[in-house]
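Ready to get to know a new fold by working through it? Below are some exercises, each with a solution you can follow step by step.

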Amino acid sequence: SASDQVVKLFPGTDIVGLRVADLVSGPDKQRLQRLVQAPDRPMEIVQCVDRTAGEAFDCKIIRYMHSSKTVWLALQVVGERHAVVTEEVLSGGRPSASGQGDADEVESLLGPASSIPDTTYTGRMFPNLVNASHEIDRNGILAICQEEHCLIPSNQIEVRDAEVASGSFWQVKSGSWKGTPVAIKTSRCLGSNMSSAEAILNELRMLRLVRHPCLVQFFGVIVSPSTNAISLIVESTQAPDLCAYLRSPSGVATGPTPGESERARVLLQICWVMRHLHTHDPPIVHGSLKDANVVVTRGSPYPKVKVLDFGCAQMRTRSQTRVRDSSSWRYRAPELWQEEDPPAPTPTMDIFALGGLMFLLASDTKPFSMITSDDVFFAVRLNRPVHPNWEDQKFTQGFWLDLPRSCMQHNPRERPHIRHVQACVENTMAEA
């Protein structure tokens, strides 16, 4: 049976007698099955599909009562309706790539291995992070940039000598583009370190696919006349990283630290980015989510977040047979510590790191601050789950209590989907 409120969610469809699974997208049917079978699991966030209207919307399905033979479920809409190709979404098959252009690479988020697509022709021009023998088509990449109007003449960019940031494979210098401040990101060892060049080109591949207000804006690329190296031109930001922001959001050592509502706002914006990546077709795994790659600007009415560094991000395609792990050990998922060959990249790895950032936001302490990386290494190898010191958390109401623990589950299959994480944060904020 179905209530009048549920019937109204699917106008034009006689849902009486249909299985609930018939109203849920293919990739989420397994989540629904888990909800029904697990008495200790109260809810799941799934995508419901209105086949008649050709639309989908995110729903919270709550398991509010059960007997030996029957489970009663309640549906609560938590997302806006949007158009979809219903047959493909319901079946869990491959979504349509129409209108996506050469930049699109398509796959099912949670489907079986057989549904994972091959890398597109365009994608094969870029580095393959797990295949050192893969040949990069540099001329093809520059041709794409030319076609997409993001190849900037080098004489329009003024580069200053001072280095403002650096990583293992890259360095960032300040500069200007036609008088506007920008950041110029280039490989650290030009021409001599293939990993450096790969990281820059891989980041180019990702940045041309994603646009989001909480990502540093990508303007284009330049080719150095002297070294022939490709550099990325991105938005300039002087914002402090997450740890520095938590210590002093105003930049004054004696200033107040952020309150709970500000921290929740920061977390919500990180969730927005992860959802944008994980629901891309195919899913994009950031692979290096950590406090140093999140910068925060204090603003009104709430702080503004930017997520950085896509040098080791990967798409879930057939060619990506193992993860290219560049995460800080404090945010590294347990499956990445295992002795056998690294697994293929999945969004659950980012979810674990997101749980670590939640712990940091709730405690002002980095996860696993009281132990060493060796301690974590041996604990995981001995199959002994290891967790941060939960007692360090200053905030324990609402999602702060259970959500970090859920995200940092030892078993990746037990970690929540990003839609569930975002819904939990939003619900607590709405109730505050």
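## Exercise 1: two helices that cross

α8 passes α10 in a left-handed crossing. Keep in mind throughout that this is a predicted model.

**Task.** Work out at what angle α8 and α10 pack, how far apart their axes are, and which residues make the contact.

**Solution.**
- Start with how such a pair is described: two packed helices are characterised by the angle between their axes and by the distance between those axes.
- Now fill in the values: α8 and α10 (residues 399-407) pack at about 145°, and their axes are 7 Å apart.
- Finally, look at who touches whom. From α8 come Ile351, Phe352, Gly355, Met358, Leu361 and Ala362, while α10 brings Trp400, Leu403, Pro404 and Cys407.

## Exercise 2: into the core

**Task.** Find which members of the largest nonpolar core touch the most other members, and say which helix gives the largest share of that core.

**Solution.**
- First, a general hint: in soluble globular proteins, nonpolar side chains tend to be buried together.
- The largest nonpolar core here has 66 residues, and the members touching the most others are Leu204, Leu242, Leu267, Leu289 and Leu354.
- Helix α7 (residues 260-278) supplies the largest share of this core, with 9 residues.
- There's also a second, separate core of 14 residues, with Leu9, Phe10, Leu32 and Val46 among them.
- Zoom in on Leu289. Skipping neighbours within four places in sequence, Leu289 is in contact with Ile270, Met274, Val294, Val307, Tyr331, Asp350, Ala353, Leu354 and Leu357.

## Exercise 3: strands side by side

**Task.** Put the strands of the 5-stranded open sheet in order and pick out the edge strands.

**Solution.**
- The order is β5-β6-β7-β9-β8, with antiparallel pairing.
- Check the ends: β5 (157-166) and β8 (218-223) each pair on one side only, so they are the edge strands.
- Ignoring direction, neighbouring strands of this sheet are turned by 30° against each other on average.
- For one pair in detail, take β7 and β9 (residues 230-235): they run antiparallel and are joined by 4 bridges. Val182, for instance, has Glu235 in β9 as its bridge partner.

## Exercise 4: salt bridges, buried or exposed?

**Task.** The whole structure holds 9 salt bridges. Take the pairs Arg19 with Asp22, Lys185 with Asp309 and Lys366 with Asp291, and decide how buried or exposed each partner is, using under 20% for buried and over 50% for exposed.

**Solution.**
- Arg19 and Asp22 meet at 2.9 Å, N to O. Arg19 has 55% relative accessibility, so it counts as exposed. Asp22 has 29%, so it counts as partly exposed.
- In the bridge between Lys185 and Asp309, the closest N and O atoms are 3.7 Å apart. Lys185 sits in strand β7 (residues 180-187) and Asp309 in the loop between β12 (304-307) and β13 (314-315), so this pair ties together parts that are 124 residues apart in sequence. Lys185 is buried because its relative accessible area is 7%, and Asp309, at 14%, counts as buried too.
- For Lys366 and Asp291, the closest N and O atoms are 3.7 Å apart. Lys366 counts as partly exposed because its relative accessibility is 33%, whereas Asp291 is buried at 7%. The pair links distant parts of the chain, 75 residues apart: Lys366 is in the loop between α8 (347-363) and α9 (373-381), and Asp291 in the loop between β10 (284-285) and β11 (294-297).
- One last step: salt bridges with shared partners join Lys185, Glu203 and Asp309 into one network.

How values were computed. Residues numbered from 1 in each chain as written. Predicted model: local features only at pLDDT ≥ 70, side-chain atom pairs only at ≥ 80, totals over all residues. Heavy atoms only, no water. Core = buried A, V, L, I, M, F, W, Y, C linked by side-chain atoms within 4.5 Å. Buried < 20%, exposed > 50% of the residue type's maximum accessible area, 1.4 Å probe, protein only. Helix = DSSP H or I, 4+ residues; strand = E, 2+ residues; numbered from the N terminus. Contact = heavy atoms within 4.5 Å. Salt bridge = Lys/Arg side-chain N within 4 Å of Asp/Glu carboxyl O. Pairing = 2+ DSSP bridges. Axes fitted to C-alpha atoms, helices over the stretch in contact; angles between N-to-C directions. Left-handed = near helix turned anticlockwise from the far one by under 90°.
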